[in-house]
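Biologist: Let's go through this model together. I'll ask, you reason, and each reply should finish on what I asked for.

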Amino acid sequence: MITDSNIIFDRIYDYQKNPVFHPLTCGINSGHKLLEPKIIDENKVILFCRDCNYVQEFIPDMFLEDDYETDIENYIQEMNEIYKIIQKQIKPSF
Ligand SMILES: [Zn+2]
């Protein structure tokens, strides 16, 4: 379990930028800017919306896991494999 907020911040920012994932969005209006991490109560990381100050106190557990980086790599690898299969299937056959 990771408690270093710098690591959690980095993970969230990277996740939000990565087109492979569905980003964490505002609970009021999903058209708002993507949620960003913020620290409250000295060391608790929350997500907030820059556009309307919506706060999501719950951070998905995966961001706190020790092997997050490996999990993400494996996930991306799997997505690449799926993508290759799809590409093969939609290749025109003439
Ligand atoms: Zn918002």
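Biologist: Is V45 buried or exposed?

Modeller: This is a predicted model, and V45 sits in its strand β2. A residue is buried if 20 or more other C-beta atoms lie within 10 Å of its own. V45 has 22 such neighbours, so the verdict is buried.

Biologist: Which residues does V45 touch, not counting those up to four places away in sequence?

Modeller: Contact here requires C-beta atoms within 7 Å. Under that cut-off, V45 touches S5, I8, P37, I39 and I59.

Biologist: Which residues make up the covered face of β2?

Modeller: Strand β2 covers residues 44-48. Its uncovered face holds K44, I46 and F48. The covered face is V45 and L47.

Biologist: Which helix lies across β1 and β2, and at what angle does it run to β1?

Modeller: The helix in question spans residues 5-17. S5 and I8, which V45 touches, are among the contacts of that strand residue. The helix is α1, and it runs to β1 at about 160°.

Biologist: What is the strand order in the sheet?

Modeller: The sheet is open, has three strands and pairs in the antiparallel sense. Its edge strands are β1 and β3, as each pairs on one side only. The order is β1-β2-β3.

Biologist: How many bridges hold β1 and β2 together?

Modeller: Strand β1 spans residues 36-40 and runs antiparallel to β2. Within this pairing, P37 has L47 as its bridge partner. The count of bridges is five.

Biologist: And which residue of β3 is the bridge partner of F48?

Modeller: Strand β3 takes in residues 55-56. Two bridges join it to β2, again antiparallel. The partner of F48 is V55.

Biologist: Which residues in the loop between β1 and β2 have a positive phi?

Modeller: The hairpin of β1 and β2 has three residues between the strands. D41 lies in that loop, and its phi is near 45°. E42 lies there too, with phi near 70°. Neither is glycine, and the residues are D41 and E42.

Biologist: Are D41 and E42 buried or exposed?

Modeller: The cut-off for exposed is 12 or fewer other C-beta atoms within 10 Å. D41 has 7. E42 has 6. Both therefore count as exposed.

Biologist: Which residue takes a positive phi in the hairpin of β2 and β3?

Modeller: Six residues lie between these two strands. The phi in question is near 65°. The residue is N53.

Biologist: How far apart are the end C-alpha atoms of helix α2?

Modeller: Helix α2 covers residues 68-90, which is 23 residues. At 1.5 Å a residue, the expected span is 33 Å. The model agrees with this, at 33 Å.

Biologist: How many residues of α2 are buried?

Modeller: Take T70, which lies in α2. T70 has 10 C-beta neighbours inside 10 Å, so it counts as exposed. The helix as a whole lies largely in the open, because the number buried is zero.

Biologist: What separates V45 from Q87 in space, C-alpha to C-alpha?

Modeller: Along the sequence, the two are 42 residues apart. For another pair, T70 and L24 are 46 residues apart along the chain, with C-alpha atoms separated by 20 Å. For V45 and Q87 the distance is 40 Å.

Biologist: In what sequence do the elements of the protein run from the N terminus?

Modeller: There are two helices and three strands. From the N terminus on, they run α-β-β-β-α.

Biologist: What is the radius of gyration of the protein?

Modeller: For 94 residues the globule rule gives 12 Å. The protein comes out well over that, so it is more spread out than a compact globule. Its C-alpha trace spans about 60 × 30 × 15 Å along the principal axes. The radius of gyration is 17 Å.

Biologist: What percentage of the protein's residues are buried?

Modeller: In α2, the number buried is zero. V45 in β2 is one residue that is buried. Over the 94 residues, the buried share is 7%.

Terms used. Residues are numbered from 1 along each chain as its sequence is written. This is a predicted model: local features need pLDDT of at least 70, side-chain atom pairs count only at pLDDT 80 or more; totals for chains, interfaces and linings use all residues. Helices (H or I, at least four residues) and strands (E, at least two) are DSSP runs, numbered from the N terminus. Two strands pair if DSSP finds at least two bridges between them. The expected span of a helix is 1.5 Å times one less than its number of residues. The radius of gyration is taken over C-alpha atoms; the globule rule is 2.2 Å times the number of residues to the power 0.38. Two residues are in contact if their C-beta atoms, placed from the backbone, lie within 7 Å. Axes are lines fitted to C-alpha atoms, for helices over the stretch in contact, and angles run from 0 to 180 degrees between N-to-C directions.
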